[in-house]
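Visitor: Could you take me through this structure step by step, giving the reasoning behind each answer?

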Amino acid sequence: MIRYLEKIGSNTIMILEDMGRMGAFLALGLGGIFKRPFRFSAMIRQVRLIGADSFWVIFFVAGFTGMVLGLQGYYTLRKFGSEGALGSAVSLSLLRELGPVLTALMVTGRAGSAMCAEIGIMRNSEQLDALECMAIDPFRYLITPKFLATLISVPILTIFFNVVGIFGGYLAGCGLLGVNPGAYWTGMEQSVVNQDINMGIIKSFVFALLIVWICTGRGYFVHVIRGAGFGAEGVSKVTTQAVVLSSVAILVWDYLLTAILL
Amino acid sequence: MSRAIIQFKDVVKAFGQQTILDHVDLTISSGKTTVIAGPSGQGKSVTMKLILGLLRPDSGQILVDGQDISRMRTKALNEIRAKFGVLFQGSALLDSLSVFANVALPLEERTRLGSEEIREKVLAILAQLGLTGHEDKYPAQLSGGMRKRVGLARALMLQPEIMLFDEPTTGLDPENSLEIYKLFLETQRKFGYTSIIVSHDIPKIFNLADQVILVNKGKFSTFASPEDIQLSEIPEIQTFVQYTMGKVYLSREME
């Protein structure tokens, strides 16, 4: 019985410590924005790695997601004789939900895992200690450019995802299944309001923050995360943990934001 | 006349249930070479991280040049850290940067020098350490000995008052180890820094030392020479001596 209580207590302390560490990490990562000199070129390089290099992944995922929505939407709406509402169904699904969520999940898999592994390896090989010993703030030098680059890239990729997805839906619905193109675009124009677009953009900012916070944070604390192990195994474990945590956090926050913003 | 540049006063550091440093006192004098040795896992690296402010003690004071760094805020700590140069065990070069960029990093981040001036200084120190022609290589393309030399060049860029060497010859063959020791002697003569060497390379490393600190079970024992260590009556130190130095050891000059 006492052993059980000890275990519960020790796990609670561990979780609280981890939350405290991650909270401080978020504050320092965002605080780095106001520290000078600002590393503009490092941020641009990260925008390329996180954003521009994700172009084709987002293009294909968005295109096929839009096409699937077009197909599914067409056969469902046909039952009610309202194929003309296809443009509205595809665009609202993408703008409000699928665009931000799928973009964030893609960025987590592609760039989030890479960020976590990079920082984890730097921690294990004492590169972060070396920066601190040279009195170079690792947050300003390394973490903050990644924070800003993700916050810039994910919303832009989300907008790109939405545009490609809507054209994917058009291709499947109008190009292959014969829906009237005029009805598709008019349906979209009449049903989409600013609030839908804003909801998607707000979600994409929140998801971007979750991705970069969790992924860089897990890598940064690879040496103190209990059960992660050491060396290459430790990095591989925290990278997997970061991707899983980010993905779950994105879906949980998607629900919360939808409930708040609707 | 040398002064106490680093002092530990009644320092305690524990990780969970395990006490690594147990009420230890230590004085390191300026301009001297102090070797910290002892069995693995006894607190040598922790001592180094405490000196650098990378870890904070649970209690006690750590004074660097008279200033207590144990409760110091990051900004003030960074000013203190500017006094230090560190050569890490694995060199800790930023592997995404070239040799040139690694060595230039402290100057770019910590000074207001122009790019031409930085270039001149970096090329000069690379030449001094026999690294001319390797500026554009990346750490992964260098041998272990060369990586150590690049790490030393980077550590010396801001002319530190105190140099810390963490296992400087680990993983190197005897020839490269000797090369690192020669570079150490040359650069110390030139820059006049206080040096703290954490090393397993016993007894060779004692030839460089003005003072030897043996870390054992959370306690420090300070000795003025290798002979003093051999004459120690502490059982753990006698065992350590027999394992590392043999029963009879005579110090000799390295140079």
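**Backbone, sheet, core and contacts**

Guide: In this predicted model, B:Asp65 is found in the loop between E4 and E5 of chain B.

Visitor: What is the phi of B:Asp65, and is the residue buried or exposed, wholly or partly?

Guide: Most residues other than glycine have a negative phi. B:Asp65 is not a glycine, yet its phi is positive, at about 55°. With 15 other C-beta atoms within 10 Å, a count between the limits of 12 or fewer for exposed and 20 or more for buried, B:Asp65 is therefore classed as partly exposed.

Visitor: Where does B:Gln159 sit, and is B:Gln159 buried or exposed?

Guide: B:Gln159 is placed in the loop between helix H5 (144–156) and strand E7 (162–166) of chain B. Its phi is near 45°, again a positive value in a residue other than glycine. Because 11 other C-beta atoms lie within 10 Å of B:Gln159, the class is exposed.

Visitor: Which residues does a cis peptide bond join?

Guide: Most peptide bonds are trans. The bond in question leads into A:Pro37, whose place is in the loop between helix H1 (2–31) and helix H2 (40–50) of chain A. Omega is about 0° there, and the residues joined are A:Arg36 and A:Pro37.

Visitor: Which strands are the edge strands of the open sheet in chain B?

Guide: The sheet has 4 strands, with antiparallel pairing, in the order E2-E1-E4-E5 of chain B. An edge strand pairs on one side only, and that description applies to strand E2 (18–29) and strand E5 (67–68) of chain B.

Visitor: How many bridges join strand E1 to strand E4 of chain B, and which residue stands opposite B:Lys9?

Guide: Strand E1 (residues 4–15) and strand E4 (residues 59–64) of chain B run antiparallel and are joined by 5 bridges. Opposite B:Lys9, in E4 of chain B, stands B:Gln61.

Visitor: At what angle to E1 of chain B does helix H1 of chain B run?

Guide: Helix H1 of chain B, made of residues 44–51, lies across E1, E2 and E4 of that chain. Taken against E1 of chain B, the direction of helix H1 of chain B is at about 120°.

Visitor: How is chain B divided into domains, and how far apart do their C-alpha centres lie?

Guide: Domain 1 of chain B takes in 1–83 + 161–255, while domain 2 takes in 94–159. The C-alpha centres of domain 1 and domain 2 of chain B lie 26 Å apart.

Visitor: Which element gives the largest share of the side of domain 1 of chain B that touches domain 2 of chain B?

Guide: The contact draws 11 residues from domain 1 of chain B and 11 residues from domain 2 of chain B. On the domain 1 side, the residues divide into 7 nonpolar, 3 polar and 1 charged. The largest share of that side, 6 residues, comes from helix H6 (residues 174–191) of chain B.

Visitor: Why does the largest nonpolar core lie between domain 1 and domain 2 of chain B, and which helix gives the most to this core?

Guide: The core has 127 residues, and those touching the most other members are A:Ile211, B:Val35, B:Val86, B:Ala153, B:Leu164 and B:Val212. Both domain 1 and domain 2 of chain B give residues to this core, so it lies between them. The most comes from helix H4 (residues 86–124) of chain A, with 16 residues.

Visitor: How many residues does each chain bring to the contact between chain A and chain B?

Guide: The side of chain A that touches chain B has, by class, 5 nonpolar, 2 polar and 3 charged residues. The contact takes 10 residues from chain A, and from chain B it takes 15 residues.

Visitor: What separation do the C-alpha atoms of A:Met67 and A:Gly168 have?

Guide: A:Met67 is in helix H3 (residues 55–78) of chain A, and is buried because 21 other C-beta atoms lie within 10 Å. Leaving aside residues up to four places away in sequence, A:Met67 touches A:Gly168, A:Gly169, A:Leu171 and A:Ala172. Although A:Met67 and A:Gly168 are 101 residues apart along the chain, their C-alpha atoms are separated by 4.6 Å.

Note on methods: Residues are numbered from 1 along each chain as its sequence is written. Chains are lettered from A and ligands numbered from 1 in the order in which they are written. This is a predicted model: local features need pLDDT of at least 70, side-chain atom pairs count only at pLDDT 80 or more; totals for chains, interfaces and linings use all residues. Domain bounds come from an automatic or database domain assignment. Two residues are in contact if their C-beta atoms, placed from the backbone, lie within 7 Å. Helices (H or I, at least four residues) and strands (E, at least two) are DSSP runs, numbered from the N terminus. Ala, Val, Leu, Ile, Met, Phe, Trp, Tyr, Cys and Pro count as nonpolar, Asp, Glu, Lys and Arg as charged, and the others, Gly among them, as polar. Two strands pair if DSSP finds at least two bridges between them. Axes are lines fitted to C-alpha atoms, for helices over the stretch in contact, and angles run from 0 to 180 degrees between N-to-C directions. A nonpolar core is a set of buried Ala, Val, Leu, Ile, Met, Phe, Trp, Tyr and Cys residues joined through C-beta atoms within 7 Å.
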